[in-house]
Structure formats: C-alpha cells, structure tokens
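Student: I'd like to learn how to read a model like this one. Could you walk me through it?

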Amino acid sequence: MKLLIQGAVAFLLAGTPVWAGLSWEKKVVALDAKPGEKVITIHYPFENKGSAPVTIEKVKPSCGCTTIKLDKTVYQPGEKGEVVAFFDVGKRKGTQNKKITVTTGDKEKETLIFTVELPEK
C-alpha cells in the first residue's frame, strides 16, 4: 500500500507543470506631463515569482511614439527586472492612452497601460 501511495505521489509531481510567471508591481500608470517635457519615461517593475526561468520574447508598444528598453530577456526565479517605456510627446496634446504588450516564451501575454495628460498649450 505504501508503495502504491508513493507511486501515485511521484506520478502527480511528475505531471505537475512548472509554474513560471512575471508578477508586475503595477500594470497601469497615469502621469501628468510638465509643460515643455519632450519625453515621458514610464517604469514597469516586475519579478519572476515562478519556479522556472521566464524569457521575454517580445515587447511591443501600440504606436511608434513609444520605445522600449529591456536590460535582458531571461529572468531566473526570484529575479527582478523592469520594462522602461519612453513616450515621445511630439506635438500631441490632451490625454494619451497607450498600451504595451509583453509576450513571454510560454506565449503568455501581458498588457501594460499608461495614460499621460499633456498640457493643451
């Protein structure tokens, strides 16, 4: 009986998927731009809270007015990182709503959002 239980436990553990995932400190950011500010920097800190490495395969902003900086693409369990977005104000005015899609190696997608209030003048 004991051998049967040990075998069942081993089977269940072997069949359990390794959980890996990024935990975001914040996924939505709202900022007010200062008059004359030309580039707005937005920070999205995260941590790999899973038990396996996570590979960030793609970070895609919703428009060409936003560029992304990522120091590396593979994060080990417990490791912290940050997606940094740079929003080019240009001649834009008013409320700007933008999205960034982060795709990991396991094809999971996370949407990060930022809203910037730009002066009308």
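Tutor: Let's take confidence, then the fold, then the sheet and the disulfide.

Student: Okay, how far does the confidence carry us, and where is it lowest and highest?

Tutor: Start from the fact that this is a predicted model. Where pLDDT is low, the predicted coordinates shouldn't be read in detail. Here the average pLDDT is 87, and 83% of the residues score at least 70. The low end is helix H1 (residues 2-15), with a mean of 44, while strand S7 (residues 80-88) comes out highest at 98. Residues 1-19 have a pLDDT below 50, and that stretch has six contacts in the model beyond near neighbours in sequence.

Student: What does the secondary structure come to?

Tutor: The protein has one helix and nine strands. Follow the sequence and you read α-β-β-β-β-β-β-β-β-β.

Student: And how much of the protein is buried?

Tutor: Of its 121 residues, 30% count as buried. The exposed surface is about 8,000 Å², with carbon and sulfur atoms supplying 57% of it. For contacts, look at sequence separation: among those between residues at least 6 apart, 63% join residues at least 24 apart.

Student: Now the sheet. In what order do the five strands of the open sheet run?

Tutor: The order is S2-S9-S8-S4-S6, and the pairing is mixed. Strand S2 (28-32) and strand S6 (74-75) are the edges: each has a single partner strand, so one side of each is left without a neighbour in the sheet.

Student: In which sense do S4 and S6 pair?

Tutor: Antiparallel, over two bridges, with S4 covering residues 54-61. To find the spot in the viewer, look for Thr55, which stands opposite Val74 in S6.

Student: Which residues does the disulfide join?

Tutor: The test is a distance: two cysteine sulfur atoms within 2.5 Å. By that rule there is one disulfide. Cys63 and Cys65 are its partners, with S to S at 2.2 Å.

Student: Why is it called left-handed?

Tutor: Check the torsion about the S-S bond: for Cys63 and Cys65 it is about -60°, so the disulfide is left-handed.

Student: Are the two cysteines buried or partly exposed?

Tutor: The cut-off matters here: under 20% relative accessible area is buried, over 50% is exposed, and partly exposed lies in between. Cys63 has 22% relative accessibility, so Cys63 counts as partly exposed. Cys65 has a relative accessible area of 7%, so Cys65 is buried.

Methods. Residues are numbered from 1 along each chain as its sequence is written. This is a predicted model: local features need pLDDT of at least 70, side-chain atom pairs count only at pLDDT 80 or more; totals for chains, interfaces and linings use all residues. Side-chain values use heavy atoms; hydrogens and water are left out. Buried means under 20% relative accessible area, exposed over 50%, partly exposed in between (1.4 Å probe, protein chains only). Two strands pair if DSSP finds at least two bridges between them. Helices (H or I, at least four residues) and strands (E, at least two) are DSSP runs, numbered from the N terminus. Contact means heavy atoms within 4.5 Å. Accessible areas come from the Shrake-Rupley method with a 1.4 Å probe; for residues, only the protein chains shown count as cover. pLDDT is the predictor's confidence in each residue, from 0 to 100.
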